[in-house]
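Hi there,

Here is the structure I promised to pass on to you. Please open it next to this email, so that you can follow along as you read.

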Amino acid sequence: MRKELNLIANNQFDLLVIGGGITGAGVAHDAATRGLKVALVEKKDFASGTSGISSKLVHGGLRYLEHGQIGLVYESLQERGRLLRNAPHLVKPLSFFLPVYADSRVPGWKWRTGLKLYDLLAGFANIAPSKTISPIELGKQNLPWVKFPPLCLQYFDAQMDDSRLCLEVIEAAWQMGATVANHLEVTALDLFPGRLSRIQMRDCLTGEQVECEARVVLNATGPWSDQLRKLAGESGPDLIKPTKGVHIVLSDFGLKTAMLLLHPKDGRVFFIIPWMNRTLVGTTDTEWDGQLGKISATNDDIDYLMEGFNHFLKPAVKPEVMQSFAGLRPLFNAEASPSSRSREFKLHLGQSGMFSAVGGKYTTYRAMAQEITDVLCKKLDVTNACSTMNALLPGGFSVKRNVFESNGSRELGWRFGLSLIDAIHLLDRYGKRAGLVANYCLQNKELAERIDPSLPDLMCEFAFHRDFEMACLPDDFLYQRTRLGLLLDNKSLEKVRIKVAPFCKNHQS
Ligand SMILES: Cc1cc2nc3c(=O)[nH]c(=O)nc-3n(C[C@H](O)[C@H](O)[C@H](O)COP(=O)(O)OP(=O)(O)OC[C@H]3O[C@@H](n4cnc5c(N)ncnc54)[C@H](O)[C@@H]3O)c2cc1C
């Protein structure tokens, strides 16, 4: 995809989507697929908001069963099944162990019942049935670091690369004809419901001002929704009441399966998850009344997560804290406590005539987009039906994973000279587009080298991100296109910043 400002400036669209997180991406894809003339604009980088700092789980949300949100869990499990099919390179099954200790807030029978219901709600989309792990089996699981539980259950969910999935949905929208731009901020809106609205934008890299017109405007700015509503002249109570979520990234200590645990301090669910040669621990869920865009993990957040980790893992396990990251959940305003606030979404039509999509979770983005686009199409008198349910994303493949990987790695080996590990890495991240990335290695052997010795990322990826994925600034490459910014300690990250500089826009060589 390419940023084509000239296609946005002074042009008219059926739909302008503001916000390049997964909500905006999903709607842009669906609407473009139905034949609407769509533009999507993002003030920073795609997925640089909440959609790049999630727990990376495509899940039904076992804990939502406790709050009786059966409908949400059912829909999430069905969407999990679709994402496993449509984006198999970015969404993969993940096994979870659920150890139940004598002092657990939730007793074993309740977990068992919950898991059976979870299996049932997944139906044909289930990955594998949940089960009890016997003490003998548990002994064989090579989990010497976990304090031995009297009961251990196992279930399955899925893990994604959140920012890359968002990028692929935007790529899919672009392939269907949407015009997309990052680093383009909406700065003013003159909205005329029923007629063409005028929207002013600023290119954040050059300062250039551009304008376009749209018949319908969708505010998909997540935590920034109320800010944009005010910019559009809307008043009244805020639609969003964000909560803050923090993760810490620990060095790898050999964990092969994720773990669902209850925090010893407040009984909240938290996860320990193997992720990209590291371990992810999270998340917190606390009220946030601070400034948008200035969110970071505090010492208290990190101590809370480490307290949970240390409570269940044996003292001998002392992984290094390599990074932490924080974000805001754009949940709709309700009087419930942060953890029990609903993850469902609402489409709000404001006094200004602008639609705002608020709430929701990543897992259900496609279904949300379908519902939203149905409403927008009605407004625009378009009757085309949604067709994203079974649409493969650009890197998606329909053959079995092992067949795809063995054929693909052989081909990347003989065509581009890649080792098996490097080939699998590219196939895992780019799916059937891996050849486009590997192709750079033919032009320049140095591009076949690793970016950092501890991680499989290759230099050729930076070239691909620059040419095909609209990466401009160092952070675009390090946080949203690769995940190096979340995985490396600060010292290693500094070295990588030097390597990425020649690929960045406005680089002076
Ligand atoms: C800690 C945490 C963990 C989570 N874990 C999971 C999980 O494991 N699974 C799951 O299903 N869900 C999870 N979620 C929820 C999920 O991540 C969010 O619901 C989802 O990412 C929200 O996407 P969004 O597009 O609405 O918002 P965002 O991703 O925040 O996107 C909004 C975008 O709008 C842009 N923007 C703002 N103002 C303007 C403007 N004026 N002009 C142009 N652009 C603008 C912003 O820069 C931003 O990129 C988690 C959330 C958090 C916080």
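Below is what turned up, beginning with the ligand and moving on to a helix and two single residues.

Before anything else, please keep in mind that this is a predicted model.

**Around the ligand**

A good place to start is the set of residues that surround the ligand. There are 38 of them, and those that come nearest are Thr 23, Glu 42, Ser 51, Leu 57 and Thr 363. Sorted by class, this shell holds 18 polar, 14 nonpolar and six charged residues.

Some individual contacts are worth finding on your screen. The side chain of Ser 51 places a polar atom 2.6 Å from an oxygen atom of the ligand. Two other residues approach a nitrogen atom of the ligand through a backbone N or O atom: for Ser 55 the distance is 2.9 Å, and for Lys 43 the distance is 3.0 Å. On its own the ligand has 1,000 Å² of accessible area, and the protein covers 96% of that.

Where do the shell residues come from? At least two are supplied by each of helix H2 (22-33), strand S8 (184-190), strand S11 (243-251) and strand S16 (321-329). Seen by domain, domain 1 (5-50 + 163-239 + 342-379) and domain 2 (81-159 + 241-336) each contribute at least three residues to the shell.

**A residue in helix H2**

Helix H2 also contains Ala 25. Is Ala 25 buried or exposed? Its relative accessible area is 0%, so Ala 25 is buried. Ala 25 also lies 8.7 Å from Phe 46, C-alpha to C-alpha, although 21 residues separate the two in sequence.

**Helix H9**

Next, please look at helix H9, which runs over residues 365-379 and has 15 residues. From first C-alpha to last, H9 reaches 21 Å, close to the 21 Å expected at 1.5 Å a residue. Its buried residues include Tyr 365, Arg 366, Met 368, Ile 372, Leu 376 and Cys 377. Just after H9 comes Asp 381, with a positive phi of about 60°.

**A buried aspartate in a loop**

Last on my list is Asp 457, which sits in the loop between helix H13 (440-443) and helix H14 (459-468). With a relative accessible area of 3%, under the 20% limit, Asp 457 counts as buried. Which side chain does Asp 457 meet in a polar contact of 2.8 Å? The partner is the side chain of Arg 429.

Enjoy looking around!

Best wishes

Note on methods. Residues are numbered from 1 along each chain as its sequence is written. This is a predicted model: local features need pLDDT of at least 70, side-chain atom pairs count only at pLDDT 80 or more; totals for chains, interfaces and linings use all residues. Side-chain values use heavy atoms; hydrogens and water are left out. A residue is near a molecule or strand if one of its heavy atoms lies within 4 Å of it. A polar contact is a pair of N or O atoms within 3.5 Å; within protein, one must be able to donate a hydrogen and the other to accept it, and residues adjacent in sequence count only if both atoms are side-chain atoms. Accessible areas come from the Shrake-Rupley method with a 1.4 Å probe; for residues, only the protein chains shown count as cover. Helices (H or I, at least four residues) and strands (E, at least two) are DSSP runs, numbered from the N terminus. Ala, Val, Leu, Ile, Met, Phe, Trp, Tyr, Cys and Pro count as nonpolar, Asp, Glu, Lys and Arg as charged, and the others, Gly among them, as polar. Domain bounds come from an automatic or database domain assignment. The expected span of a helix is 1.5 Å times one less than its number of residues. Buried means under 20% relative accessible area, exposed over 50%, partly exposed in between (1.4 Å probe, protein chains only).
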